[in-house]
Each structure stands twice: as structure tokens, then as C-alpha cells.
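I opened this model today to look up a few packing details. My notes follow the structure.

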Amino acid sequence: MGVRIIKGFIDSNFIINELNLIFFATGLLITAFTLLSAYTQIEEKRREYYFLNTIYIMSFLVVIFSKNWLLFFVAWEMVTLSTTLMLLWRGRGLAGQYFIIQFFGSGILLVVIVVAISNGYAEIGAINELWLQNLFILGFGIKSALFFFFFWLPPIHSQAPAPVSAILSGWVVKLGFIIFLRLIPGGNSLLLILGFLMIFYGGIKTLQASDYKVLLAYSSISQLGYIAIGIGSGNIYGYIGSIFQIIVHGIAKTGLFIGSGYLIREYGSRSIYDFKQIWSRQKLTALSLLICFSLLMGTPFLLGYNSKYLIKYGLKSRLDLKYINTIDLGPLITIIFLAATLLSVLYSVRFLYWALFRDCMVKKQERAIYKTKKVYFLKKTDRLNLIAVIFLILMLGLYPGLITSSIKEGHFDYGSIAGFIEFVAILFLSLVILKGLAGYKTEKSQIPSFNFLFNKINKSLYRVSRNVYNFIYQDFQYQLLCIPLFLLLLLFWLSLIK
Amino acid sequence: MFYHFIFILLFMLGLYTILVQDNLIKLVIGLTIMEAAIFLWVIATNYRGGIIPILQPGVIEADVVNPIPHALILTGIVIGASTTALLLTLVIEINKFATVITLDVLKGLRD
Amino acid sequence: MELNILLLILIPLVTAFLIPLVDIINVKIRRFVIISSVLAEVLVSLFIIISQYNLFLAGKLDLRYYLGGWSSMLGITLALDSLSLIFSILISFSLALIIIYSIGFIGHHEGKYYALIFLILAAMQGTVLTGDIFNLHIFIELITITSAALVAFKRNREGIEATLKYIIYGVIGGLFFLVAVFLIYFNLGSLNIGIIASNFAQINIKMKTTIIALFLTSILIKMGIFPFHFWLPKAHSVCPSSVSALLSGVLLKIYLYVFIRLFWDIFGFGLLKEVGLDYFMIYLALFSSIIGHILALQADDVKKMLAYSSIGHVGMIVGVLLLNTPTALYGGLLHTISHLLLKTTLFLTVGYLIQYTNGHHVADFHGVAYRNPGIFIAFTLGILGMIGIPPLPGFYSKWYIVQAFIESGFVLAGVLVIGGSIISLFYYLRFIYRGYSLLDYEKKIKPQRVGVVLSAFYRERIVTDVSYVMTSLVVFSGLFIWLFKQPLMVVVWALIGG
């Protein structure tokens with residue numbers, strides 16, 4: 001009896017298919033990494049932190065599996081609430097900013113969902129009307145940091161504690177895209193354009209960043225752009241490419257943010273120019289940085305290559321994009337995409353140069369000196385964590401079949417030699433460009449902030465409220481006068497009815 | 001019709017008193033006038049001559065005075081008396097704080 | 001003939017007049033009398049639910065008690081149907097908690113306080129249970145007079161002024177109500193609600209509209225909808241917090257009940273639609289809601305802020321009820337319950353917190369959270385429920401309200417509801433920020449009382465325990481919100497079908 005009720009509840013409210021199970025596994029893995037790193041990175045009130053994480057895990061599982069709008073929304077709000085509480089480990093200000101901005105986002109999303117429900121979409125599923133799709137892009141805009149709405153992402157993700165940044169950047173922002181995969185399987189041009197804008201804006205900002213976590217946050221925006229393109233192209237290849245990209249970026253960003261925690265502790269600084277001699281000080285972290293960034297820029301034999309290849313292929317074969325008034329736009333799109341790839345390779349290489357390869361050719365004695373200056377010694381759990389991330393990335397690169405075998409259409413092999421040549425050429429080009437720019441060393445930048453926005457809104461709201469108050473509250477007898485006036489107005493109006 | 005007219009006149013007079021007079025006691029008087037207007041109106045319009053309203057065998061309902069309005073008005077008068085008493089108590093209390101019981105002195109009534 | 005219904009009114013009424021007698025004999029018995037009376041009230045309610053639950057679910061609940069054995073044509077009837085059952089239960093349970101809270105909270109003039117509060121309880125039950133429209137007026141006036149005496153309970157200048165304003169508004173509203181009652185009596189010759197409801201269509205349209213206009217003005221004054229809201233914030237904020245909880249949490253809902261009873265059961269909703277008042281009322285109520293939220297921003301006094309937010313929420317409920325669709329009525333009733341729970345919790349916790357501050361101002365909240373962490377978390381939970389964060393009850397009602405508005409084509413109204421909750425985030429968050437702000441050197445000093453406004457609690461334990469019970473009720477009702485679905489739908493179908 002009880003079992004049947006539970007089964008009935010699950011059947012009527014959840015979808016369980018291969019795609020969701022993949023996301024489920026990825027999400028759990030990513031959270032497990034962050035939990036491992038939290039063991040050393042979160043020092044006080046660890047038990048409460050793990051409790052919040054349990055709530056977070058349960059909620060994101062419901063978000064992934066649910067097909068009931070209400071359940072989905074409740075679970076997503078729980079994700080927001082639990083991550084907000086996790087941000088309290090950095091401070092009230094940050095948690096407050098995050099909460100307010102997410103509350104804005106969920107407010108818009110609630111209206112959009114209700115509009116969808118009243119238009120007959122009782123369950124989460126493919127949406128046919130274009131205007132509703134665009135409305136959903138607006139609704140998810142703040143939550144999953146689409147273009148125009150991502151202003152909150154760099155400040156929050158760069159200031160949060162390392163494990164929380166890893167959660168936020170690695171998985172929470174992806175949840176919106178996971179829902180997009182279900183809502184817009186047929187593609188949407190608006191999402192496509194937003195994706196390109198995100199790639200370029202995020203890429204350029206990443207290239208200019210000197211603060212490591214800000215760099216990571218901006219690169220998140222740029223990489224989310226690829227997902228948006230993949231979904232927006234509405235092609236089966238793009239679709240699978242964006243699934244890959246979600247997994248790739250999730251794992252890579254988690255690894256990077258976890259590493260950022262160790263690096264910042266080691267050097268006491270967040271500037272990438274201060275990361276000297278990583279190879280001798282934190283070998284394992286350096287290796288993880290190398291692997292994760294190679295994954296992000298799409299190096300062959302890692303999963304990032306597959307995702308970008310598939311997205312590009314999907315974009316090329318989208319027919320309605322190809323011709324506008326019989327002008328062939330195919331080459332143009334290819335060039336734009338190549339430029340985007342160049343940008344992401346460029347910022348990855350730039351970071352790798354400053355952090356890893358700038359001073360790797362020092363003498364043995366000097367290296368020994370650096371070794372003695374170590375500040376933060378990687379604990380056992382930290383080592384385990386980094387090794388697990390590296391192992392996972394390499395394994396997925398060698399056996400992409402782990403994912404593709406369950407999604408039948410997305411079979412992919414390294415047959416195309418053109419992709420390799422393209423990548424090598426882009427890498428070479430970016431090396432040349434960086435050489436010309438002398439590594440593109442930028443000024444030390446401030447951590448981006450959007451707090452002034454809230455202050456402004458708060459102040460103007462307060463002023464409006466004050467003015468409304470002064471306008472409405474007249475003398476007592478004027479207030480009383482409202483009663484007969486209202487009554488007479490009502491009687492007059494009603495007397496007009498025959 | 002005459003009674004209705006008088007009722008509206010008295011009611012408006014009470015309302016006018018509340019809206020225009022400055023003195024708190026006069027405000028209370030205005031409220032009392034409004035109440036009295038309603039009571040007078042109900043009694044006057046519902047009066048019809050007859051015998052004492054005790055339902056016994058042999059008494060037809062049409063012959064007796066209608067007792068319900070009177071019962072209602074009695075209740076209404078009790079309520080009116082208690083509100084007036086409470087209001088006057090409040091005026092006395094305000095007099096302790098303010099010494100002058102006019103509205104233009106009592107800025108606290110505004111917000 | 002059901003004596004239980006009479007007992008619901010009789011027990012508090014007798015207790016109210018018993019308390020002065022008990023005071024003469026021995027003051028120490030008073031607490032015993034109060035608690036046993038409250039428990040008796042709750043037990044009678046429980047007995048009614050348990051014995052009538054099946055009948056209630058079938059939608060056939062109709063208990064009657066004829067006072068003095070007179071028929072409904074001549075005498076006064078007490079009647080209990082599904083709508084009044086729900087409100088009656090809410091009243092007895094919430095009032096029980098509030099009265100137990102006051103045992104710890106009110107430290108002076110206790111005899112008068114309990115006599116008055118039991119009179120209010122009797123009057124509220126009477127309002128909900130009576131089947132006679134004149135009797136309804138009597139009970140409403142009784143509520144106004146007794147609550148006015150409680151508003152002035154502190155006997156300071158502000159309190160007296162607020163009471164004066166409250167009672168002038170209340171009496172004018174009551175007089176309009178009385179005129180409308182007599183107009184009905186002149187036309188139909190009966191005061192029984194059932195008879196009026198079945199014969200109301202016979203009255204000619206001019207008279208009908210006059211009656212409606214008078215009732216509407218009166219009930220809007222009592223509920224504090226926009227042009228008549230001037231009395232509300234001050235009256236709800238100057239009294240002791242337990243009374244504020246009663247006024248803002250429970251009493252406003254009683255007027256909502258009267259509103260529903262009048263315009264759905266007695267006149268029939270079709271009439272309101274026929275005279276074209278429903279849209280006008282929806283816009284007025286929504287405008288009032290937004291005005292309430294905006295004015296709450298400028299209120300630095302915490303209790304005034306809560307009172308303004310009550311205006312916002314009551315406006316929202318009235319607006320949504322007037323849509324008269326199943327979703328709308330369900331959402332409205334659900335929000336009535338959740339607002340009752342949340343506002344009561346907020347006022348009770350605030351009542352405790354401001355004992356530890358110098359005053360009601362935001363600035364006085366400085367560091368309160370560190371002094372009273374438990375209660376402040378309860379306060380925060382109440383706030384989260386108010387702005388509509390799942391899984392607290394405020395969210396679900398917000399969801400259904402937005403859904404109801406959008407289904408009926410009022411997209412802008414749905415956006416306004418969301419906007420209201422975003423504005424309320426701003427005015428609530430100020431207090432939480434202030435509560436958690438503490439300078440470092442202050443953290444080291446041992447938490448201690450800053451100053452005491454009222455005479456100190458002498459039974460602090462009761463106050464905190466009741467606050468925690470209220471908070472756990474809030475959380476519980478949020479987690480098990482689906483338990484409300486079936487009972488409320490019974491009421492909704494009774495309203496729509498009837």
C-alpha cells in the first residue's frame with residue numbers, strides 16, 4: 001500500500017531517463033568533490049555545512065528529475081536557500097546580495113512558469129510557442145546567468161569560499177540549462193545569440209582579469225555561452241554537445257575552484273601574477289590546473305574537445321541559419337565560432353603561462369628554496385580530491401563512451417583529422433598573439449561588485465515610499481472625508497446601472 | 001418618505017459634524033447624532049398601532065405591534081452608549097496629555 | 001440542536017465575566033481559570049472537528065442552534081457550515097496560543113486584559129458562528145469596542161490617539177453596516193442569513209445596490225483597504241505585541257470571513273459581477289496591496305512595518321478572492337491561513353525581541369540576533385515565510401494567487417503580487433541585517449539586556465515556548481501543505497456552488 005503510493009507519487013511527478021541519470025551522477029560527483037575539499041577549507045561549523053549540503057543535494061536531485069512545475073520550483077528555491085546559507089561562511093553581505101538577486105530571478109521565473117501553466121503546459125516538457133520560449137529565457141536569465149543578467153555572477157562566485165564557489169559555478173548555474181534541455185529541444189535563435197554574446201563578453205573579461213577567482217567566474221560565463229549555443233542550435237549534435245559541455249564545465253570548474261582554495265592559502269594572494277613556482281610548491285594543484293584548463297579549451301583526447309566539436313557541427317548543420325535572403329552565412333558562423341574558440345584558448349593559455357610556465361625553467365637549487373617556503377601543505381583529503389578530479393577527467397576523455405553509450409545518437413569518434421589541425425592551429429595562433437602581447441599583463445583590477453545597485457534601489461524605493469506617505473497622509477479629517485466620498489462615488493456609479 | 005428624509009438629514013448632519021468640527025467632544029456628539037438618526041428612523045418607520053405583542057391563542061400577528069425593531073434598537077442603544085462612553089474616556093485620557101482637546105493640536109491623529 | 005456551537009461562544013463569555021469575580025476572591029486562581037477555559041475552548045473545537053469531519057468532507061456540514069428555541073424567522077440562530085468551521089478552528093487555536101503567550105507577556109493590569117481578550121474571543125466566535133445578520137453587527141461592534149480598549153492598553157499618548165482614530169473609523173463603519181442591515185430588514189422582514197440569502201433577489205435593483213454600497217464601504221473600513229487604511233498601522237503597532245498579533249493576525253481574517261459571507265453567501269457573487277463592481281474592487285484591492293507594501297518601506301518602527309505589510313497582504317487576498325475561480329478562492333483561503341500563522345508568529349517573536357531593545361526602531365535592532373539567537377531565527381523564519389520562500393506556507397499561497405491572476409488574464413496583477421513580495425524583501429531584510437550587525441568588540445561582551453520597555457517579563461519561558469510552538473506550526477504547515485488541500489477545496493466548492 002505504502003509502496004504503491006510512493007511509486008504513484010514518483011511516477012506522476014518525476015521523469016527518470018538516461019539523460020537525467022547522467023546529470024544525477026555528475027551532480028553527485030561534483031558535490032562529492034566539493035565536500036571533500038570542504039573538509040579542509042571550511043574550518044568552523046563544519047557539521048552545519050555538511051547538513052546544508054545534504055539539503056542541497058536532495059533539492060537539486062528533485063530539480064533534475066521533477067516534471068511537476070511546483071515541485072521543481074520549490075526544490076530550486078531550496079537550492080537557492082541552502083547555497084545562500086552556505087555563503088554565510090564568507091559573510092552576511094555576500095549572502096544577502098546573492099539572496100536578493102536570486103529572489104528577483106525566482107520572482108520572474110514564477111510568473112513565467114505560471115503563464116506557461118495557464119497556456120496548457122501542465123508538466124515540464126518541450127514548449128512549442130516561440131514567445132513562451134523567449135519568456136522562459138527571460139525567466140531563467142538571472143538564475144542561470146544569461147546575457148544581460150549575469151552581472152551578479154562574477155562578484156558572488158569570486159568572493160565565496162572555495163567549495164561554495166565550486167558548487168555555485170560547477171553545478172547550480174547549470175540547473176537552468178538542464179531545464180532548457182527539456183524545454184527547448186528544438187532550438188531558439190535568441191538563446192543562440194545570447195550564447196555568442198556571453199562567450200565573447202566573458203572571454204574578453206577573462207582575458208583582462210588578474211584576480212584568479214574573478215578570472216574563473218568570467219570564464220564560467222564564457223563557457224556557459226557554449227551550452228547556450230548548443231541548446232539554441234536546436235540540432236541533435238548541438239544538443240548532445242551541450243550535455244557534454246555541462247558535464248565538462250561542471251567538472252573542470254569544480255576542480256579549478258577547489259584548486260583556487262589551496263592556491264590562495266598557499267600564496268595569500270588572489271592575483272595570478274603572484275603564483276610563482278607552483279610546480280615546486282604544489283605539484284598536484286598545478287597538474288589539476290593544467291588538466292582542467294586543457295579540458296576547458298577543448299584539447300583533443302579530453303571531453304572538452306568532443307563537446308566543442310559537436311556544438312560546432314550542430315551549428316553548421318542548422319539549415320535555417322545558413323541562408324538569409326540566399327546569402328550563405330555558413331562560413332560567417334564558422335568564423336565566429338572559431339574566433340570564440342580562439343578567445344577561450346587565449347585566456348586559458350594566458351593563465352597557464354602566468355601561473356605555470358613562466359618560471360618552470362629555474363635551477364634545481366632555487367626550486368629547493370621555494371619548497372622550503374611552503375605555507376599550506378596539502379592534506380590527504382586534498383590530494384585525494386585533486387587526484388580524483390584528474391582521474392575523472394582523463395577517464396572521461398579516454399572513454400567518452402561512458403556517456404555516449406547511453407545516449408545513442410551522440411556517438412563520436414576521433415575520426416576527423418580536421419579538428420586536430422584546427423585546434424593545433426588555434427593554439428599556435430594564440431601562442432603567437434600572447435608572445436606579441438608579452439603575456440598580456442593587466443592592471444590589478446577591483447573585484448566586481450553590484451552592491452551599489454542595491455543601495456540605489458533601496459534608496460530610491462525609500463524615497464518613493466516617503467513621498468507616497470507624505471502625499472497620502474493628510475490631516476485626520478481629510479482622511480475621514482474618504483469615507484463619504486467613496487460611498488457617494490459608489491452610489492453614483494451604481495445608480496448609473498439601470 | 002418624510003422619515004427617510006429626516007433620517008438622511010440627521011445622518012448627514014452627524015457626518016458633517018465629524019468632518020468639520022475641531023473639538024473632540026463635538027466629534028463624539030457627531031457620532032451620537034448619526035446613531036440617533038438611525039434609531040429614530042427605524043422606530044418611526046416601523047411603528048404601527050396594535051396591542052401588546054404576546055403571542056397567545058386568539059391573537060393574530062397582524063394585530064400586535066411589531067416587537068423586533070424595538071428589540072433591535074434597544075440593543076443598538078446599548079452599543080451606542082458603550083461606544084460613546086469609551087470615546088469620552090479616551091477624550092479624558094487625551095486631556096491628561098494634551099490639555100487642549102482640539103484636532104489641530106493633536107498631530108498624532110494624522111499618522 | 002447542537003449545544004457545542006453555543007459552548008464555543010459561551011465559554012469565553014462566561015470566563016470574561018468570571019475573571020473580575022475571581023480577582024476579588026484570589027488573584028492566584030486567575031491563571032488556572034484562564035488556562036482551563038482556553039483548553040476547554042480548544043477541546044470543544046477539537047470535538048466538533050472530530051465528530052463532524054466526515055460530514056464536513058462531504059460538504060454537508062450544517063449545524064444549527066436555535067437560541068431560546070425560537071424558530072429562525074423570529075429568533076436568533078447559530079449556524080456552523082464548512083466555511084465557519086475552518087475560521088472557528090483557526091480562531092480558537094490561535095487565540096489559545098496568544099492567550100497563553102500573554103500569561104508570560106503581560107505583567108500589569110492582568111485582570112482587565114484577560115476580561116477584554118476573552119470578550120474578543122467570544123465576539124470573534126460569535127461573528128463566525130452567528131446566523132443572524134443583526135447579531136453579526138452586534139458581534140462586530142463588540143469586537144471593535146473591546147479591541148479598542150486593548151489598543152489603548154498601554155495608556156500612553158500614542159496609544160490613546162491611535163485608539164481614538166481606530167474607534168471613530170470603527171463606529172462609522174459599524175453605522176453603515178447597521179443602516180444596511182435595517183434596509184434589508186425593511187425589505188425582507190427577516191434578519192436570518194439563510195432567509196435573506198434565498199429572498200435577496202426579490203429586492204429591486206436600486207435598493208440592492210444601495211445595500212451593497214453600504215456593506216462594501218463598511219467592510220472595507222474594517223479591513224483597512226486603501227482609502228480607509230489610515231487607522232490600521234498605528235492601532236496595530238501601539239498596543240502590546242500579543243494584542244497586535246491578535247489584531248493583525250486574527251482579527252483582519254474575521255473581517256475577511258464577514259466579507260466572504262456577505263458577498264458570496266448572502267448576496268451571491270453574481271450580483272457583484274452584475275453591477276460591475278468586481279473589477280473595480282480587484283483593482284482597488286491590488287492598489288491597496290501595493291500601497292501597503294510601499295508604505296511599509298518607510299516605517300522604521302518594526303511593528304508599524306508589520307502592520308503595513310498586513311495591509312498589503314489583506315489587499316492581495318481580497319483581490320484574489322474576487323476573481324471567483326476555484327484556484328483563486330483556494331489561493332485566497334490558503335493565504336488567509338498562512339498569513340494568520342506567519343503574522344501571529346512575527347508579532348509574537350517581535351514582542352519578545354523588543355523587550356531586549358530600547359525601542360521599536362530599526363536602529364534599536366542592532367545586534368539583537370546575538371542576544372536572543374533562538375527567537376531571532378524564529379523571526380527570520382516568519383519573514384522568509386512572508387516573502388514566500390518554500391517550503392514555508394507563504395510560498396504556496398503566493399503561487400496559487402499568481403496562478404489565479406494569470407489564469408484569469410490579469411498578468412499585470414500577478415506581476416504586482418511578485419513585485420509586492422520583492423518590495424517586502426527589502427523592508428524585511430533591513431531588520432535582519434540590523435539584527436546580525438555587531439561590532440567586533442561588542443561580540444566579546446557578554447550578552448545582556450539593554451533596557452526594558454514594559455515591565456519585565458516575569459515568565460519569560462512561556463513567551464519563548466509559545467513563540468517556538470508558533471514557529472514549528474509554521475514550518476509544519478509548510479511541509480505538510482497538502483493536508484490543507486482537501487478541506488479548503490470543500491469550502492471552495494461550497495462557495496462557488498452556493
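These entries cover a core, a chain contact and a helix pair.

**Entry 1: the core.** I am working from a predicted model. I looked up the largest nonpolar core and found 370 residues in it. Which members touch the most others? They are Val151(C), Met223(C), Phe259(C) and Val402(C). I then asked which helix gives the largest share of this core. Helix α6 of chain C, residues 157-188, does, with 18 residues.

**Entry 2: Met223(C).** I picked Met223(C) from that group and listed its contacts, leaving out residues up to four places away in sequence. Met223(C) touches Leu252(C), Tyr255(C), Leu256(C) and Phe259(C). Val314(C) and Val318(C) also touch Met223(C). Phe259(C) is thus on both of my lists.

**Entry 3: chain B against chain C.** I checked how many residues each chain puts into this contact: 22 come from chain B and 23 from chain C. On the chain B side, α2 (24-46) and α3 (68-98) each supply at least two residues. The largest share of that side is from α3(B), at 12 residues. I sorted the chain B side by class and got 14 nonpolar, 5 polar and 3 charged residues.

**Entry 4: α3(C) and α4(C).** I looked up helix α3 (residues 82-105) and helix α4 (residues 110-129), both of chain C. Their axes come within 9 Å and cross at roughly 170°. Angles over 145 degrees count as roughly antiparallel, so α3(C) is roughly antiparallel to α4(C). From α3(C), the contact residues include Phe87(C), Ile91(C) and Leu95(C). From α4(C), they include Ile117(C), Leu121(C) and Met124(C). This contact has 10 nonpolar, 4 polar and no charged residues.

Technical notes. Residues numbered from 1 in each chain as written. Chains lettered and ligands numbered in written order. Predicted model: local features only at pLDDT ≥ 70, side-chain atom pairs only at ≥ 80, totals over all residues. Core = buried A, V, L, I, M, F, W, Y, C linked by C-beta atoms within 7 Å. Buried ≥ 20, exposed ≤ 12 C-beta atoms within 10 Å, placed from the backbone. Helix = DSSP H or I, 4+ residues; strand = E, 2+ residues; numbered from the N terminus. Contact = placed C-beta atoms within 7 Å. Nonpolar A, V, L, I, M, F, W, Y, C, P; charged D, E, K, R; others polar. Axes fitted to C-alpha atoms, helices over the stretch in contact; angles between N-to-C directions. Parallel < 35°, antiparallel > 145°, perpendicular 65-115°, else oblique.
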